[in-house]
Structures are given as structure tokens and as C-alpha cells.
Amino acid sequence: MGLSLTLALVVAVLFIFMMSAVRVVRQGYVYTIERFGKFTKAADPGLHIITPFIDRVGQKVNMMEQVLDIPGQEIITRDNAMVGVDAVVFFQVLDAGKAAYEVHNLYGAIMAITTTNLRTVMGSMDLDETLSKRDEINARLLGVVDHATSPWGLKITRVEIKDIRPPIDISEAMARQMKAERLKRAEILEAEGERASRILRAEGEKQSAILSAEGKKEAAFRDAEARERAAQAEAEATRAVSDAIAQSGNQAINYFIAQEYTKAVGKFATSPNAKTILFPVEATQLIGSLGGIGELIRDIAKPGEGAQGPSGSVGVPLPPTRPRSAVPRTGADDA
């Protein structure tokens, strides 16, 4: 009975001893191993065997990239404007031993050094610069904080300004300034558009005037050319008539006179306002002229056979003379 109890007690002690000697490190963490309170090594993720009752796990250091939120800070800028600022810091532990034993309260230390440098950087800038140069602020903070925390085995990957809150009165003034600036730009754009419109309209009127002048010039040139050609045609016709007269003598003259005479008499009949027509010449003269035209045609058809009068001119047979021919007259004519 006593032997069995002793054996069971020994087995239990051995089991406890073995369990205390085995340590499993999770992925993303590094455990520091201390021997009699002194840091000896850093245990990477996996299974590790330590000496029970001599070695123990000191710190469980998170090796993943972490985000630390910096609470809102009231900062006075160089031009004495009070602004509220929020920021975040991204960092990663590279050396677990330094992060565990070189600094006490790692997160508090990062927050404190980031806040201090944030006040320093933004306090050296004007309000307008703090609002418009966030990238410059982030770069300066990253360089300063990373250099300050490097002895702790850390790597500061990013420092970002989340929000900058200027005072209410300054925000209202900035809103009015932005509105005035936008109104100014709108008026400038409107004026430029009106100017461009007037320029284009003037250019269009100029081109229209140029084209109109060119059209008038071309029309005048064409009109002058037409008159010149008409004059040339008239000259050619006159020359032809002159040649015909020179060749035919009185026959051509009688022909042309009879032709024009007939046209003139025909116009009396086509007048829309004439009801009674009185011929201003003897009807026999017109008939004689027509007979002369027929004689001329016969002479042309049979040269040398035309009858000649006593004076050597072409004889035109005349009908018996009759009284003046008249169309029916109105009562006013009878009177």
C-alpha cells in the first residue's frame, strides 16, 4: 500500500517536472527566457525545452506590426493658433530582448515620445502650413520617433496625422475666405468667357465682312467682265453690220431699217394700256418695206436677177395708195 502511494507520487512529480520543462511559443510572438531572473535567450515560435525551476518565461513580446493610437492633443502653432491633433503610430518589434528589458512600459514610452515630438514639429509651423503640409509633418515625425526608439529594438514604420481641428472662429473665417476665393474664381472665369465670346464674335464679323467684300469685288469684276463682253459683242455686231452695208449697199440698210421698224410697230399691239392704235406712218410704207424685204431676199437668192428702177436702186412694187389706215377710234377721236 505504501509502495504504491510512493510510486504514484513519483510519477506525478515527474509529470509536473516534464510539463514545466516544455514551452510552446505561438506564431507572431517571441518569449524571453530568464535563468534565475537573468535574460538568457529569446524563444522563437515553436516547441522549446527549458530547465524546470531554473529557467522561466519572462516576457511574451508581440513581434507583429502594431498600431498605437495617439489621443487628441491641443497644440499651439507658431502664429499662436490652438489646434487639436489626433495621430496614429505603426511600429514593429525587431529585438524582443531590447523591447522587454531596455524600456519599461513600451506602449506608454512610444506614446509619450510621439506626443512630445508632435508638439515640437507642429509648434514650429503656421496654421496654414499645418493644414496643407501633412505629408511633411508625417515625414518629420517618422524620422524623429524612429531614431528615438531604435535603442528599444523597435522600427517605426509610419506616423500619420488623423485629424487637425482648428478653432471654430478660425474655421468660420477659413470658410468665408474659401467662399470669397471661389466667387473670385467664378467671376474671373465668367469674365474670361465673356471676353472669349466677344473675341470670337468680332472674329466672325470680321470674316463675314471680308467675305462680303470679296464677294462684292468678285461680283463687280464679273459685272465689268460681262459689260466688256457685251461691248465686244456689240462691237462685233456693229462691225458685221458695217461689213454687210459695205458689201450690199442700200439693200442691207433697207433690210435693217425694215426689221427694226417692224419690231417697233409690233410693240404698239402688245401694249397693255392701248385700246386704240393710230399708226404714225402710212400703212403703205410698212407694206412697201415688207415688199422691199421680200425683194432683198429674192435678190440674195438670185443674184443679178433683181429689177432695178430708173435710178439704179432696187424697185419695190407698191400697192395702190389708200387713205390713212386707222383702227377703230373712240368718240374722243371723232370729236
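**Entry 1: getting my bearings.** I call a residue buried when its relative accessible area is under 20%, and exposed when that area is over 50%. I also keep in mind that I am looking at a predicted model.

**Entry 2: helix H5.** I started with H5, which covers residues 134-149. The helix has 16 residues and reaches 22 Å from its first C-alpha to its last, close to the 22 Å expected at 1.5 Å a residue. I then looked up which of its residues are buried, and found Ile137, Asn138, Leu141, Val145, Asp146 and Thr149. They cover an arc of only 140 degrees around the axis, so they lie on the same side of H5. On the face turned away from that buried side I found the exposed residues Asp135 and His147.

What does the buried side of H5 pack against? I found helix H3 (106-123), helix H4 (127-132) and strand E8 (154-165).

**Entry 3: a stop at Glu136.** This residue sits in helix H5. Is Glu136 buried or exposed? Neither, quite: with 35% relative accessibility it counts as partly exposed. I also checked its distance to Val121, and the two C-alpha atoms are 9.7 Å apart in space, with their positions 15 residues apart in sequence.

**Entry 4: the sheet.** Next I traced an open sheet of 3 strands, in the order E6-E7-E8, and noted that the pairing is antiparallel. Strand E6 (66-76) and E8 stand at the edges with a single partner strand each, so one side of each has no neighbour in the sheet. From one strand to the next, the twist averages 20 degrees. I looked more closely at strand E7 (residues 82-93), which pairs with E8 in the antiparallel sense over 10 bridges. One spot I marked on the way is Val85, which stands opposite Ile164 in E8. Helix H3 packs on this sheet and touches E6, E7 and E8. Its direction makes about 40 degrees with that of E6.

**Entry 5: helix H3.** I went on to H3 itself, which has 18 residues. The span from its first C-alpha to its last is 26 Å, close to the 26 Å expected at 1.5 Å a residue. Its buried residues include Leu106, Ile110, Leu118 and Val121. What covers the buried residues of H3? My list includes E6, E7, helix H2 (96-101), H4, H5 and E8.

I picked Thr114 as an example from helix H3. Thr114 is buried, with a relative accessible area of 1%. Leaving out residues up to four places away in sequence, I found Thr114 touching Ile70, Val89, Leu141 and Val145.

**Entry 6: the cores.** Nonpolar side chains tend to be buried together in soluble globular proteins, and I wanted to see that here. The largest nonpolar core has 35 residues, and those touching the most other members are Leu106, Ile110, Leu118, Leu154 and Ile161. Two or more residues each come from E6, E7, H2, H3, H5 and E8. Which element gives the most to this core? It is H3, with 7 residues.

I followed Ile161 a little further, setting aside its neighbours within four places in sequence. Its contacts are Val85, Asp86, Ala87, Leu118, Arg134, Ile137, Asn138 and Leu141. Last, I noted a second, separate core of 6 residues, among them Tyr31, Ile33, Ile50 and Val57.

Methods
Residues numbered from 1 in each chain as written. Predicted model: local features only at pLDDT ≥ 70, side-chain atom pairs only at ≥ 80, totals over all residues. Heavy atoms only, no water. Helix = DSSP H or I, 4+ residues; strand = E, 2+ residues; numbered from the N terminus. Expected span 1.5 Å × (residues − 1). Buried < 20%, exposed > 50% of the residue type's maximum accessible area, 1.4 Å probe, protein only. Arc of directions from axis to C-beta. Contact = heavy atoms within 4.5 Å. Pairing = 2+ DSSP bridges. Axes fitted to C-alpha atoms, helices over the stretch in contact; angles between N-to-C directions. Core = buried A, V, L, I, M, F, W, Y, C linked by side-chain atoms within 4.5 Å.
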